[in-house]
Amino acid sequence: MILKNLWRRKTRTLLTILGIAIGVAAVVALSAFGEGMASGFENILSPTKADFMVSQKDAMMALLSVVDEEVGDEIAALPGVDAVAGSIIAMVQMPDAPYFLVAGEDPKGFLIPHYKLVAGEALSGRRQIMLGKVAAKNFNKDIGSTFKINDATYRVVGIFETGVSFEDGGAVISLADAQRGFDRVHKVNFFNVRLKDPRRADEVRKTIETRWPDLGVTRSGEPSRQNEVFDLYRSFGLFLGLFAVLVGGLGMMNTTLMSVFERTREIGLLRAVGWRRRRIVFMIWGESLVLAFVGGVVGIALGIGLTMLARLSPAVDTLLRGVFTPMMFVEAMGIALLLGTVGGLYPAWRASQLTPVDAMRYDTGAGAGASTGCVARALSRFGSNALRNLWRRPTRTLVTVIGIGIGVGFIVSLSAMTEGMINSFNGLTSAGQVDLLAEEANASDVSFSAIDDRTAARIAIQPEVKSVSRLTFSAASAPGMMYFLVFGIDPNEEWIKHYKIREGRLIERPREIMIGRQAANSLKKSVGDRLLLGGSSYDIVGIYENGSSYEDGGGAISLDEAQQKYGKPRQSTFLAIQLHEPGRADEVARKLETQFPDVMMSRASEATDRMQDFATTYAVLNALIVLTVIVGGIVMMNAMLMSVFERTQEIGVLRALGWRRGRVMRMVVVEALALSFVSALAGIAIGVGLGYLFTLVPSFGAFMTPAYPPQVFVQVIVLSLILGALGGLYPAWRAANMQPIEALRYE
């Protein structure tokens, strides 16, 4: 009987299933991408073929760690150590792949067999490269082909497959080539250590940590600081997908509720022939669970399909190859069934509370319980007050408004956080009256930008340039903070003057640090205290408050120390440039880019416009907006379709009184627009609330301060109206094409 009831309104049932399915598909696809990224990093940054890994202690991830190469030789000489292999991992920007992973490995090291060859041979010398199977396919390369990374050309000698998405979509070159190509001479990211006797692991580990206090040792499978980052990747996709599922779930509640309204007399008849309330509850609840189950199954299949489809893009396939786990499907189906359970509770309870007498008197055709004459008089005001029509079913309208409002609020909060991040970063880069910001050209990530100090010196002597300040920064971790940004600045350059010291003074010499107010509060530190970073102790000489979360949540040390500590000797992440004539900034930027092709110049206040990091952020945001619009459009269409079904007799009266099809269509579309506008207002309130909640997250809330420029609200309202128009088209067309006689006979 449950299936029969659902099939009586095939269009409505299919739309509801589709709405739930798209939400579940979002959970599956986004979770798969998150799992793929997390497992990819885990596989390349965990000592799978060694007994443990040695890396910089305060590095947020081993990818950002920098260790002197000579340390590896000293570790290899320790009692009990069998072999040590140093590795470099870098991300480079390629024409069709903004994030392309390149590993530098010793051709004679014990890690090379990890790259299982499917064609060609292993590395044996300089200027050779092995490509992952996916990379070889995406870039159409074979054995003997040439492959260019930055300005260096390599010959493809082998094609490998490891089963790790990052590696199969990337490449391997010799450690010596990587050190030269990525300006890390005599440096590595980390060492993998193999022991003669694994039972002596604790002994060797203690020796290493005692001898090199700035290094950390991680055993295979052991929890570490970078595991917290991996867990964030895994949870991020599930978190984003939940919003889409929630919108679809509220749409399902709306459908079930409408089914109860529509079948009120039928439920009254069942109660009259002896059906108990509990049996009514199980029937309605069962319909909701069936919708959720079918939607979940379709959604899982759709999610798998979307993930596979995304692999057709080289940019996605090299970095975000989805990885499915059984728990992922269990979670997705569990979420769908939970929403089915919760979404069916109120409709089932409402149905069970109907008394047989009241239910038998209910008029489902008009939805108002009035005679045809009363209906005609009431409908004379239909076109003038869309909100009044919507308020006739306040529960259904409120559920729709909340459902679409959650989707809209999701867009508002994400847009606001993206704008906040951009504003904070632009505020950082334009501090100190800086006119231009220089970054390494083709850097796939800000963290990998490296500009030689000699280039900075040559730029500084250009006639248009007033001053050049070198900036180096890296993401580190500190006790009590997952993210602690360490800036390296020269106390003698102009940049330091923008720091607004609230307590203490500016740094003047090595082993001194000044920290932002947010960091001081989180770390519970004051001027005069000491701060331990990666085994190095620093005296806190000042606390500043610049107004940028990037700076206020971190600290600043001397440039020379930062360059050595984070593996950029005589290199800077950015150059902050002041001009004699700021009005000529664009002209000077073009000139400097021509003269220094390895450097990308931008106006300091617009630096994020050309950075790959923020381009990727915008791409992800737009994809989530499209997803939300699709789910919200289906919910809107379903709500308006229910309204049309419920008011079939009313529409028949209107048509009989002379209303033309166009007028009926306008009536339904106007109601859809009114509903979407109210949903937009609710969504803005929900979005602002979500944005505030994000700022309360201890580990990264300070970096997620939202910004609400007027265009965010305008865009959301326009988007909602478009959603309402699209969602109301089919119901409006259906209403307009009703024949008066058939509509008046509708029960």
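## Strands and cores in a predicted model

Strands S18 and S20 pair in the parallel sense over 5 bridges. Strands here are DSSP runs of E with at least two residues, numbered from the N terminus, and two of them pair if DSSP finds at least two bridges between them. This is a predicted model, where local features need pLDDT of at least 70, side-chain atom pairs count only at pLDDT 80 or more, and totals for chains, interfaces and linings use all residues. Residues are numbered from 1 along each chain as its sequence is written, and side-chain values use heavy atoms, with hydrogens and water left out.

Here's how the pairings line up:

| Strands | Sense | Bridges | Facing residues |
|---|---|---|---|
| S18 and S20 | parallel | 5 bridges | Gly516 opposite Tyr544 |
| S19 and S20 | antiparallel | 4 bridges | Leu531 opposite Tyr538 |
| S18 and S21 | antiparallel | 2 bridges | Met514 opposite Ala556 |

Take a look at S18 (residues 512-516): 5 of its 5 residues are buried, and buried means under 20% relative accessible area with a 1.4 Å probe, protein chains only. S19 (residues 530-533) alternates instead: Leu531 and Leu533 point to one face and are buried, while Arg530 and Leu532 point to the other and are not.

Now for the cores. A nonpolar core is a set of buried Ala, Val, Leu, Ile, Met, Phe, Trp, Tyr and Cys residues joined through side-chain atoms within 4.5 Å. The largest has 40 residues, and Phe100 and Phe182 are among those touching the most other members. Strand S3 (residues 81-94) gives the most to this core, with 5 residues. A second, separate core has 32 residues, including Ile625 and Met640.

Note on methods. Buried < 20%, exposed > 50% of the residue type's maximum accessible area, 1.4 Å probe, protein only.
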